Amino acid sequence: MKTSRLEAFSDGVLAIIITIMVLELKVPHAVDLAALKPVLPVLLSYVLSFIYLGIYWNNHHHLFQATDQVSGGILWANLHLLFWLSLFPFTTAWMSENHLATIPTAIYGFVLLMATIAYYVLQRIIIAKEGRESLLAQAIGKDWKGKLSPLLYLAAVPLAFVSPWIASALYVFAALLWLIPDPRIERKLEKREQ
């Protein structure tokens, strides 16, 4: 099976996740800037989660540009990833509405960790299907960002019990690592097209 149906389905799910998150934003009734102060934690959490979803969407797109065929295992691994991403609206709202309380901040990090693991599993299943010499396997290489991110989340989750602010700073740092799109797959795709 080609990747187009999987990509279209995934794009639709991600669009719904973002829509659910934006619907959680409540508009202040006052018109001055001071009215934004009570909703600022919700707005900032939304921005962080939106960035994470954008990172996953971007990398997911590149992942399937480098994938030739989809198997049942790849479909299930993709659903596993989408499951964890679908929890972003819940954990984002819980963390932000409770002003970075310990448990919601730790659970937010746990969901980030599980999404990262799910993405890694998806990559590995694709590589297992397509082979170690596949374009994706060559493009992934050492993947230092892919190895550093789960370590940051693993550190942040227990740190949320010490200081939710430190944990949140690690979540922001991990997002900043991925904010610049990863060019490895694009470079391999360009070489293949030449």
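What follows is a walk through the predicted model of one protein chain, from its overall build down to single residues.

The broad picture comes first. The protein chain holds 9 helices and 0 strands. Read from the N terminus, the order of elements is simply α-α-α-α-α-α-α-α-α. A compact globule of 194 residues would be expected to have a radius of gyration near 16 Å, and the protein chain comes out at 18 Å, which agrees. Along the principal axes, the C-alpha atoms fill a box of roughly 55 × 35 × 30 Å.

How much of the chain is tucked away, and how much of the contact network joins residues far apart in sequence? Of the 194 residues, 45% count as buried. Among contacts with a sequence separation of 6 or more, 79% are between residues 24 or more positions apart. As for the outside, the protein chain exposes about 10,600 Å², and carbon and sulfur atoms supply 70% of that area.

Helix 3 makes a handy worked example. It covers residues 72–86, which is 15 residues, and at 1.5 Å a residue these should span 21 Å; the C-alpha atoms at its ends are indeed 21 Å apart, so the expected and computed lengths agree. The buried residues in helix 3 are Ile-74, Ala-77, Asn-78, Leu-81, Leu-82, Trp-84 and Leu-85. Looking down the axis of helix 3, these buried residues fall within an arc of 160 degrees, so they line one face of the helix. The cover over that buried set includes helix 1 (4–23), helix 2 (40–65), helix 4 (88–97) and helix 5 (102–130).

Helix 7 can be read in a similar way. It has 16 residues and reaches 22 Å from its first C-alpha to its last, close to the 22 Å expected at 1.5 Å a residue. Here Lys-145, Ser-149, Pro-150, Leu-152, Tyr-153, Ala-156 and Val-157 are buried. These residues cover an arc of only 155 degrees around the axis, which puts them on the same side of helix 7. Trp-144, Lys-147 and Leu-151, on the other side of helix 7, are exposed. What covers the buried residues of helix 7 includes helix 2, helix 5 and helix 8.

Helix 2, which turns up as cover for helix 3 and for helix 7, is home to Ser-49. With a relative accessible area of 0%, Ser-49 is buried. Leaving aside residues up to four places away in sequence, Ser-49 touches Met-21, Phe-88, Thr-92 and Tyr-108.

Two further serines sit in loops. Ser-134 is placed in the loop between helix 5 and helix 6 (135–140). Its relative accessibility is 8%, so Ser-134 counts as buried. A polar atom of the Ser-134 side chain lies 3.2 Å from the backbone nitrogen of Ala-137. Ser-163 belongs to the loop between helix 7 (144–159) and helix 8 (164–179). At 18% relative accessibility, Ser-163 also counts as buried, because the cut-off is under 20%. Ser-163 and Thr-105 are 58 residues apart in sequence, and their C-alpha atoms are 9.6 Å apart in space.

The loop between helix 4 and helix 5 deserves a look for its backbone angles. His-99 is in this loop, and has a positive phi of about 50 degrees despite not being a glycine. Leu-100 is found there too, with a positive phi of about 60 degrees, and Leu-100 is not a glycine either. Are these two residues buried or exposed? His-99 is exposed, with a relative accessible area of 52%, whereas Leu-100 counts as buried at 15% relative accessibility.

Finally, there is helix 9 (residues 184–193), where Arg-187 is found. Arg-187 is partly exposed, its relative accessible area being 46%. Along the chain, Arg-187 and Ala-8 are 179 residues apart, and their C-alpha atoms are separated by 23 Å.

Key:
Residues numbered from 1 in each chain as written. Predicted model: local features only at pLDDT ≥ 70, side-chain atom pairs only at ≥ 80, totals over all residues. Heavy atoms only, no water. Helix = DSSP H or I, 4+ residues; strand = E, 2+ residues; numbered from the N terminus. Expected span 1.5 Å × (residues − 1). Buried < 20%, exposed > 50% of the residue type's maximum accessible area, 1.4 Å probe, protein only. Arc of directions from axis to C-beta. Contact = heavy atoms within 4.5 Å. Rg over C-alpha atoms; globule rule 2.2 N^0.38 Å. Areas by Shrake-Rupley, 256 points an atom, 1.4 Å probe, with all protein chains shown as cover. Polar contact = N/O pair within 3.5 Å; in protein donor to acceptor, adjacent residues only side chain to side chain.
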